[in-house]
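Reader: Hi! Could you walk me through this structure? I'm new to reading these.
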Amino acid sequence: MKVLKRVFSFVIAYCLILSFGCCGYDSSFASLSENEPAGDNIAETTLTYPSDIKVSYSGKNMLVAPWEVNWAYEVNEEEWSSVVTDTAHPIDRTYKNYFEPASEGKLTIDYTGAYKPDAVTYVHKYPVSMLLTVEDPDDLPLTEAIERRVEYEDYIEVELTDEEKFNFPLVLSGDDFNGYIYDVCVVWDHASFRGTAKFSFLIEEGESNGQ
């Protein structure tokens with residue numbers, strides 16, 4: 001993971017925050033906590049980096065770290081800090097931990113940190129057949145790597161109701177969870193921190209494991 005961290009003035013950082021677009025940030029997701037006081041007890045009221053999510057499926061739980069973060073938080077009354085991370089796309093990742101297929105059940109996504117996200121921006125899924133066949137994306141020839149980026153947009157959008165978008169834990173019901181890589185983007189919008197984080201996990205394809 002490559003992490004680029006720079007400290008900007010409040011004005012510059014605020015402009016950066018307003019321009020977030022990595023997950024299709026929508027100002028309608030603004031938190032009710034927008035008017036929280038900033039500048040006092042900043043260490044207690046800010047979030048410098050999003051925590052993991054907890055995914056539950058067919059009786060199994062998994063903690064998932066973000067694969068992409070675009071973040072800014074208040075350092076003091078005059079400065080903000082930004083954090084940008086960039087790792088392999090969900091269909092280019094190696095999943096050492098994954099869920100086995102199940103015939104039925106719920107897929108639940110919850111947040112483990114003190115400050116839950118303000119909204120789910122999207123849930124996308126990719127068929128596992130799109131998973132990279134080589135272990136390291138850097139092993140791909142340049143032309144193939146460029147062509148593969150087109151496949152990043154070849155996802156299936158999981159439809160969420162407006163109520164679901166603002167609920168944590170997010171509970172999805174259905175019978176077609178197996179055989180997909182999931183990409184979940186969530187957003188925070190607070191007085192002393194805001195940004196987006198993406199998380200991905202895999203549910204194997206195949207017959208039910210009987211659970």
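Author: Happy to; we'll go from the overall fold to the core and then a pocket. Keep in mind that this is a predicted model.

Reader: Cool. How many helices and strands does the chain have?
Author: The chain has 4 helices and 11 strands.

Reader: And what share of the residues is buried?
Author: Of the 211 residues in the chain, 45% are buried. The chain exposes about 11400 Å², and 48% of that comes from carbon and sulfur atoms.

Reader: Which residues touch the most other members in the largest nonpolar core?
Author: Those are Leu107 and Phe201, in a core of 33 residues. Several strands give two or more residues to this core, including β6 (106-111) and β11 (193-203).

Reader: What is Leu107 in contact with?
Author: Setting aside neighbours within four places in sequence, its contacts include Val55, Tyr57, Leu172, Phe177 and Phe201.

Reader: Nice. Which residues are in the other core?
Author: That one lies apart from the largest core and has 8 residues, among them Tyr95, Tyr126, Val128 and Tyr152.

Reader: Switching topic: what volume does the second largest pocket have?
Author: About 270 Å³. It is lined by 15 residues, and the closest to its centre are Val64, Ala65, Arg93, Tyr95 and Ser200.

Reader: Which strand gives the most to that lining?
Author: β3 does, with 3 residues. β4 and β11 each supply at least two.

Reader: Last one: what classes of residue are in the lining?
Author: The lining of the second largest pocket has 9 nonpolar, 4 polar and 2 charged residues.

Technical notes: Residues numbered from 1 in each chain as written. Predicted model: local features only at pLDDT ≥ 70, side-chain atom pairs only at ≥ 80, totals over all residues. Heavy atoms only, no water. Buried < 20%, exposed > 50% of the residue type's maximum accessible area, 1.4 Å probe, protein only. Areas by Shrake-Rupley, 256 points an atom, 1.4 Å probe, with all protein chains shown as cover. Core = buried A, V, L, I, M, F, W, Y, C linked by side-chain atoms within 4.5 Å. Contact = heavy atoms within 4.5 Å. 1 Å grid on protein atoms, 1.4 Å probe; cavity = no way out; pocket = protein on both sides within 12 Å on 5 of 7 lines; lining within 4 Å. Points joined across faces, edges and corners; volume = space filled by probe spheres on them. Nonpolar A, V, L, I, M, F, W, Y, C, P; charged D, E, K, R; others polar.
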